[in-house]
Amino acid sequence: MKNSMKILLVAVIALLGMASCQKEAVQPVEPVAQSENVRIEITSPDAMATKAIGDGSKVKEVYYTAFVDGKPVASLQSKATMVDGKAALNLKLIKNMRYQFVFWAQALPQDGEVSPYDLSGFYSKALVKADYQGKANDDSRDAFCAMHEILVQGPVDETVYLRRPFAQINFGAADYDMLKYLELHTGLESETWVNSIPDVLNVLDGSVSSSGQALNDVHFSLSAIPSGEDEYITVAGKQYGYVNMNYVFASEIGETISAKARMVNGQCNWETELLPNVPVRRNYRTNIIGDLFAEHASLQIIIEPAFNDPDFIVQ
């Protein structure tokens, strides 16, 4: 009987020991990574309600994506509507993570039109490719972008300011009022040729490059010149007839390109010579100004000292 009790006691102790070991072996569940509320306000400082060229009012939607250690985050890829040059994002981001957000804001294509910007590489590589085959004087090509880094260490409320990735190339005519006086400005259209420009922008690192074809002989086709409140452009305090405008990608440090413009009105046409070494730089205007319509005439006035014979006599 004692032996039976001893065996039973040993079995109970062993069973309790196993239960104790099993309890100690259970590991606590790893907590889910903590997230923080993040609010990002996106704004274009140039956005105004004037509807003038270069006021940013054409921009209506902003695309965004995020990268962590150079890899895109699929759950943080989308777009938002911009109103009066602003949009707000409310996101949840993982605490103690560093994110690189890239933004691209552009106009909404009109019915039947295709955007001049190819965004097929934007979400995965932050690439934007420009299609320059279009009309001159097209302000719907205006766009803005930014890269913004966020280290999440608590709730975040930040403002991201977008900037243009372009140079704006303008032609201003000092002799435009003479054209108006002769009523030759009615129906005036212009076109542009530019060389040596990039067509690919990396929004993540800010670099520009060429896909090959875009480096040479880019042609912005005939279109009506700016009008209304955009009829004149002011450069260094002086007004010029605003006869041509285009946007092209440019780097932060700047480069030089070649450019020329042609203006037609159905009766006459005026063409500038190809201008080499035209400086362009990101988010800067390049203004090409001068007499674009008039030819400089050299006149020599000679007064003959003698009169013809005979004199006219009236009695």
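Q: What makes two strands a pair here?
A: Two strands pair if DSSP finds at least two bridges between them. Strands themselves are DSSP runs of E with at least two residues, numbered from the N terminus. β7 (residues 127-130) and β13 (residues 200-202) are joined by three bridges in the antiparallel sense, so they meet the cut-off of at least two. One bridge sets Lys129 against Val200 of β13.

Q: What kind of model is this, and which pLDDT cut-offs apply?
A: This is a predicted model: local features need pLDDT of at least 70, side-chain atom pairs need 80 or more, and totals for chains, interfaces and linings use all residues. Residues are numbered from 1 along each chain as its sequence is written, and side-chain values use heavy atoms, without hydrogens and water.

Q: Why are β6 and β14 called edge strands?
A: The open sheet has four strands in the order β6-β7-β13-β14, with antiparallel pairing. β6 (117-118) and β14 (208-209) each pair on one side only.

Q: How do you know that β5 pairs with β2 and with β9?
A: Count the bridges. β2 (residues 59-68) shares eight with β5, antiparallel. β5 shares nine with β9 (residues 143-151), also antiparallel. Tyr64 has Phe103 of β5 as its bridge partner. Val102 stands opposite Met147 in β9.

Q: Why is Tyr99 called buried?
A: Buried means under 20% relative accessible area, exposed means over 50%, and partly exposed lies in between (1.4 Å probe, protein chains only). Tyr99 has 5%, so it falls under the 20% limit. Phe101, at 0%, counts as buried too. In β5 (residues 98-107), eight of the 10 residues are buried.

Q: What makes the ring pair of Tyr99 and Phe101 tilted?
A: Rings of Phe, Tyr and Trp (its six-membered ring) pair if their centres lie within 6.5 Å; planes under 30 degrees apart count as stacked, over 60 as edge-to-face, and the rest as tilted. Tyr99 and Phe101 lie 6.1 Å apart, centre to centre, with 35° between the planes. The distance is within the limit and the angle is neither stacked nor edge-to-face, so the pair is tilted.

Q: What does the pair of Phe166 and Tyr247 tie together?
A: These rings are also tilted, at 5.4 Å and 45°. Phe166 lies in β11 (residues 166-173) and Tyr247 in β17, so the pair ties together parts 81 residues apart in sequence. Both residues are buried. They belong to one aromatic cluster with Trp104, Tyr117 and Phe249.

Q: What makes a set of residues a nonpolar core?
A: Its members are buried Ala, Val, Leu, Ile, Met, Phe, Trp, Tyr and Cys residues, joined through side-chain atoms within 4.5 Å. The largest core has 51 residues, and Trp104, Phe249 and Phe293 touch the most other members. Its largest share, seven residues, comes from β17 (residues 238-249). A separate second core of 26 residues includes Val59, Ala66, Val68 and Leu89.

Q: How do you know that the side chains of β16 alternate?
A: In β16 (residues 232-235), Ile233 and Val235 point to one face and are buried. Tyr232 and Thr234 point to the other face and are not buried. β16 also forms a hairpin with β17, with two residues between them. Four bridges join these antiparallel strands.

Q: Why is Lys260 said to lie over the face of Trp193?
A: A charge sits over a ring if NZ of Lys or CZ of Arg is within 6 Å of the ring centre and within 35 degrees of the ring normal. Lys260 lies over the face of Trp193 at 5.0 Å from the ring centre, so its distance meets the 6 Å limit.
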